[in-house]
Amino acid sequence: AGPAGHRADSGAGPGTLQGEVGRPLVIARAPLRISLAGGGSDLPEYWRQPGRVGRVVSFAIDSYVWVTLSRRFEPEILVSYREVEEAKGIENIKHPLVRKALKRFDMPEKHIEIHIIANLPGKGTGLGSSSALAVALVEACHEWQGWTFPHLSGDRELDLSWQVTAEMAWQLERSENGPKVGIQDHAAAACGGMNFFEFSPVHVDSFKYWHRFWRTCTDYCLN
């Protein structure tokens, strides 16, 4: 997510609520993914065992989960997805990922609204939509609060921001008795592109992209 607005100027409305921080509007998106190989090895129950490393090949596609986060004049928290909720306080939100994200990032208890939009259905596609939503929520809440990732320019192997995003989204989804999912979907949604991921207790890493993978596949086919 990038800056989609600015801090509200003085004036009437929720933009001037005392003690509030953040931006009047944030828009974040995260892509869905197709996994080619290695599913299951991304579970910590596997790669946290001595001598084991999870390895997954996957690529992100041009379908996304979008999250918009904005202020509203009404005090209740509005959450719009397949259903529409108006909750008095974060604990009363029914959507588990939204509730956990707002708690995790210490978001305001009122005067905010969240809209979730996706190019494809949210259930049953097998494309990692819940993990993409978790990534988009992490990015949106980070941006709202004015926090930043340690962005580094140049080679993606040096950019740690996607690892931080993926791990936070993964922990968010698994927390509070959530589903015991692996981390490959969150990594794909946070990193984008085509990747060969490695997962271990020491690191979560991605080894370069499409051109190297394609060259490897071509070499094997020609042999």
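Start by selecting W66: with a relative accessibility of 30%, W66 counts as partly exposed. As you look around, keep in mind that this is a predicted model.

**Stop 1: W66 and its surroundings**

W66 sits in strand β2, which covers residues 54-71. Now add L25, I27 and I117 to your selection. Together with W66, these residues make a nonpolar surface patch of about 320 Å².

Stay on β2 and move to S63, which lies in that strand too. Is S63 buried or exposed? S63 is buried, because its relative accessible area is 13%, and the cut-off for buried is under 20%. To see what is around S63, select A30, P31, L32, N119 and L120: S63 touches each of these, leaving out residues up to four places away in sequence.

**Stop 2: the whole chain**

Zoom out for a moment and switch to a cartoon view. The chain contains 6 helices and 7 strands. If you trace the elements from the N terminus, you will meet them in the order β-α-β-β-β-α-β-α-α-α-β-β-α.

Now turn on the surface. The chain exposes about 11600 Å², and 54% of that is supplied by carbon and sulfur atoms. Of the 223 residues in the chain, 48% are buried. Contacts also reach across the sequence: among those between residues at least 6 apart, 68% join residues at least 24 apart.

**Stop 3: helix α2 and the core**

Select residues 96-104 to bring up helix α2, where L97, V98, R99, K100, A101 and L102 are buried. What covers these buried residues? The cover includes β3 (77-80), β5 (112-118), α3 (129-145) and α4 (161-174), so color those four elements to see them around α2.

Next, pick out V98 alone. Setting aside residues up to four places away in sequence, V98 touches V79, I93, I114, I116 and L137. V98 also has a place in a wider group: the largest nonpolar core has 50 residues, and V67, V98, L102 and I116 touch the most other members. Helix α3 gives this core its largest share, 10 residues. As background, nonpolar side chains in soluble globular proteins tend to be buried together.

**Stop 4: the loop after α2**

Follow the chain out of α2 and you come to D106, which has a positive phi near 55°. D106 is found in the loop between α2 and β5, and a positive phi is worth a look here, as D106 is a residue other than glycine. D106 is exposed, because its relative accessible area is 64%, where exposed means over 50%.

Which other residue should you select in this loop? Try H111, whose place is also between α2 and β5. Its phi is positive as well, near 60°, again in a residue other than glycine. H111 is buried, however, with a relative accessible area of 13%.

**Stop 5: from α4 to α5**

Select A166, found in helix α4. A166 is buried, with a relative accessible area of 0%. Which residues is A166 in contact with, leaving aside its neighbours within four places in sequence? They are I183, H186, A187 and A190. For a distance to check in your viewer, pick the C-alpha atoms of A166 and Q184: they are 8.6 Å apart in space, while the two residues are 18 apart in sequence.

That brings you to helix α5, residues 184-191, which is mostly covered: 8 of its 8 residues are buried. Select them by name if you like: Q184, D185, H186, A187, A188, A189, A190 and C191. Just after α5 comes G192, with a positive phi near 75°.

**Last stop: two cysteines**

Finish with C141 and C191. C141 is buried, with a relative accessible area of 2%. C191 counts as buried too, because its relative accessibility is 14%. How many disulfides does the structure hold? The number is 0. For reference, a disulfide is a covalent bond between the sulfur atoms of two cysteines.

How values were computed. Residues are numbered from 1 along each chain as its sequence is written. This is a predicted model: local features need pLDDT of at least 70, side-chain atom pairs count only at pLDDT 80 or more; totals for chains, interfaces and linings use all residues. Side-chain values use heavy atoms; hydrogens and water are left out. Buried means under 20% relative accessible area, exposed over 50%, partly exposed in between (1.4 Å probe, protein chains only). Helices (H or I, at least four residues) and strands (E, at least two) are DSSP runs, numbered from the N terminus. Contact means heavy atoms within 4.5 Å. A nonpolar core is a set of buried Ala, Val, Leu, Ile, Met, Phe, Trp, Tyr and Cys residues joined through side-chain atoms within 4.5 Å. Accessible areas come from the Shrake-Rupley method with a 1.4 Å probe; for residues, only the protein chains shown count as cover. Patches are made of residues with over 30% relative accessible area and no salt bridge: like charges are joined within 9 Å, nonpolar side chains (Val, Leu, Ile, Met, Phe, Trp, Tyr) within 5 Å. A salt bridge is a side-chain nitrogen of Lys or Arg within 4 Å of a carboxyl oxygen of Asp or Glu. A disulfide is a pair of cysteine sulfur atoms within 2.5 Å.
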